[in-house]
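Please open the model in a viewer and keep the sequence panel visible. The tour below proceeds by selection, one stop after another.

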Amino acid sequence: MSAVLAAAVAWAAFLPIGIKYLAFLGCGAAALVRLQREHRLGELARDPGFRAAAAFWGLTVLSLLWTSAGWHDSGPQLWLYGLLLLVAPIALACPPAWAWRVLRQFTIAAGVIGAATALWRIGLLPDSVLWRFVVDAQGNQRIINSLMLAVGAALAMLLALQALSATRAEADRGTHWRAAAGWTIAAAFAVLGLALQDRRTGMVALPVLLAMLGLARQRNWPRRLLSVAVVAGLSLAAWQFSPAVHGRIDEGLNELRHYQSSDTADTSWGMRLRLAEHTLDMVREKPLLGHGVGAWLEQWRARVQPGLLISVHLTPHDEYLLVASQLGVAGIALLLWLLVGQAVRAWRAGPDGQAALLAWTAIAWTAIFNVVLRDAKFGLPLLLVAGVAGAVARGGAGPAADDAPIRR
């Protein structure tokens, strides 16, 4: 049963928003029940990640005192930022062996969906509602699938490298070589699916995740710099020789080169730059504590002429800008305390923390281009992976323990 639940939780990251909620809230509720039953709820107050999340959410709640936004705008943001509070309970309560099962299943899912994307593009995939949602999804779901393919590819490479390391330390080398080959194939399929998609989010996230993985796995700075150089070289090669990647990246660069500071901007990155300009104006007006939770949309509509293409946006497409405009410098400081603190603790956990390092790097990096915490389609799968990876960082056990019994 535990293996079935692990697979269900992992695959939920690619499925509709209702299933994402069921998986994340289910894991969070089960974690809180377990902590309460084992009289360990007090550990939350001592957990640095939970304290940072609570401080950030506390400021969000406090900003209700000065926000001009109605409850219909502020309430959803309070709820979504409150989901951060469940990451620490999941990490504290989730058995490490089961957490590895979830991460392995998530990686398999990314490989399968990458392969399905390739089959879809050449017309060999049978028509199905499920495949249409994960392979030919629209809107933000298409973007988050791109990002999760990148995270899955990076985790697959982590698992492959761990298997290769085990070949040097254990007698059963054949098993580990086969495992390394399997995870490498999963990574290749995930990357193939990512390259065949038409969204840039995963394309620009994957090199960062692989570079972070190289930095974390090497023991000295010359080898770390060499691994980053290899990732950079492979990324440039993909840009030059993959038509899909080349087209999407060049399209974005061309939009930046031809940008003019005007509300009539009609390209993806042109509108993002204009959103940033207006949002920075909001920050300058109230730099310390911001306009309050939910106030960005009201401020945005007051600055932009209705009817223009750019006026349809509901967020600045940047989590840091959104937080700065609504919670000011204080909010940014607390958000960075949370994100940087989690990444640093994952780094210090060594090999056991590398999955968590990838998860928090994905959140922090993608927040530059999307509101990953404000949008549940992004936040739910990313926070679920971060919570489960946090359990691995705390408990170790290693991927080889994936088939071991889960101890209470």
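**First stop: Gly290**

Select Gly290 and display its surroundings: leaving aside its neighbours within four places in sequence, Gly290 is in contact with Trp66, Ala324, Ser325, Gln326, Leu327 and Gly328. The model on screen is a predicted one. Gly290 belongs to the loop between α14 and α15. Is this glycine, Gly290, buried or exposed? Its relative accessible area is 5%, so Gly290 is buried, the cut-off for that class being under 20%. Now add Trp66 to the selection and draw the C-alpha to C-alpha distance. Gly290 and Trp66 lie 224 residues apart in sequence, yet 8.9 Å apart in space.

**The whole chain**

Zoom out and colour by secondary structure. The protein has 18 helices and 0 strands. Of its 408 residues, 52% are buried. The pairing of Gly290 with Trp66 can be set beside a figure for the entire protein: among contacts between residues at least 6 apart in sequence, 75% join residues at least 24 apart.

**Helices α14 and α16**

Select helix α14, residues 268-285, together with α16, which spans 319-348. How are α14 and α16 oriented to each other? The two helices pack at an angle of about 30 degrees, with their axes 8 Å apart. Angles under 35 degrees count as roughly parallel, and α14 and α16 are therefore roughly parallel to each other. Their crossing is left-handed. To see the contact itself, show side chains for Ala276, Thr279, Leu280, Met282 and Val283 on α14, and for Leu321, Ala324 and Ser325 on α16. By class, this contact holds 6 nonpolar residues, 2 polar residues and no charged ones. Ala324 and Ser325 were also among the contacts of Gly290.

**The loop between α15 and α16**

Next, move to the loop that runs between α15 (295-303) and α16 (319-348), and select His317. The backbone here merits inspection: His317 has a positive phi of about 60 degrees, although it is not a glycine. Most residues other than glycine have a negative phi. With a relative accessibility of 21%, His317 counts as partly exposed.

Ile310 is found in the loop between α15 and α16 as well. How accessible is Ile310? Its relative accessible area is 0%, so Ile310 is buried. Beyond its neighbours within four places in sequence, Ile310 is in contact with Asp263, Ala265, Met271, Arg274, Trp300 and Val304. Adding Ser262 gives another distance to draw: its C-alpha atom and that of Ile310 are separated by 9.9 Å, with the two positions 48 residues apart along the chain.

**Two further histidines**

Select His39, in the loop between α2 (17-37) and α3 (42-46). His39 also has a positive phi, of about 55 degrees, without being a glycine. Is the side of the protein at His39 buried or exposed? A relative accessible area of 72% makes His39 exposed, since the class begins over 50%.

Then select His176, which lies in helix α10, residues 173-196. His176 is buried, at 13% relative accessible area. From its C-alpha atom to that of Ser165 the distance is 8.7 Å, and the two residues are 11 apart in sequence.

**Helices α7 and α18**

Display helix α7, residues 96-121, with helix α18, residues 376-395. These helices pack at an angle of about 135 degrees, their axes being 8 Å apart. The pair α7 and α18 is therefore oblique. In passing α18, α7 makes a left-handed crossing. The residues to show on α7 are Pro96, Ala99, Trp100, Val102, Leu103 and Phe106, and on α18 they are Val385, Val388, Ala389, Ala391, Val392 and Gly395. The contact divides into 11 nonpolar residues, 1 polar residue and no charged residues.

**Last stop: the nonpolar core**

Which residues touch the most other members of the largest nonpolar core? They are Phe14, Leu103, Phe106, Ile363 and Leu383, out of 112 residues in that core. Helix α9, residues 139-169, gives the most to this core, with 14 residues. Leu103 and Phe106 are already on display from the contact of α7 with α18. Finish by centring on Leu383: setting aside neighbours within four places in sequence, Leu383 is in contact with Phe24, Leu83, Leu84, Val87, Trp360, Ile363 and Leu373.

How values were computed:
Residues numbered from 1 in each chain as written. Predicted model: local features only at pLDDT ≥ 70, side-chain atom pairs only at ≥ 80, totals over all residues. Heavy atoms only, no water. Core = buried A, V, L, I, M, F, W, Y, C linked by side-chain atoms within 4.5 Å. Buried < 20%, exposed > 50% of the residue type's maximum accessible area, 1.4 Å probe, protein only. Helix = DSSP H or I, 4+ residues; strand = E, 2+ residues; numbered from the N terminus. Contact = heavy atoms within 4.5 Å. Axes fitted to C-alpha atoms, helices over the stretch in contact; angles between N-to-C directions. Parallel < 35°, antiparallel > 145°, perpendicular 65-115°, else oblique. Left-handed = near helix turned anticlockwise from the far one by under 90°. Nonpolar A, V, L, I, M, F, W, Y, C, P; charged D, E, K, R; others polar.
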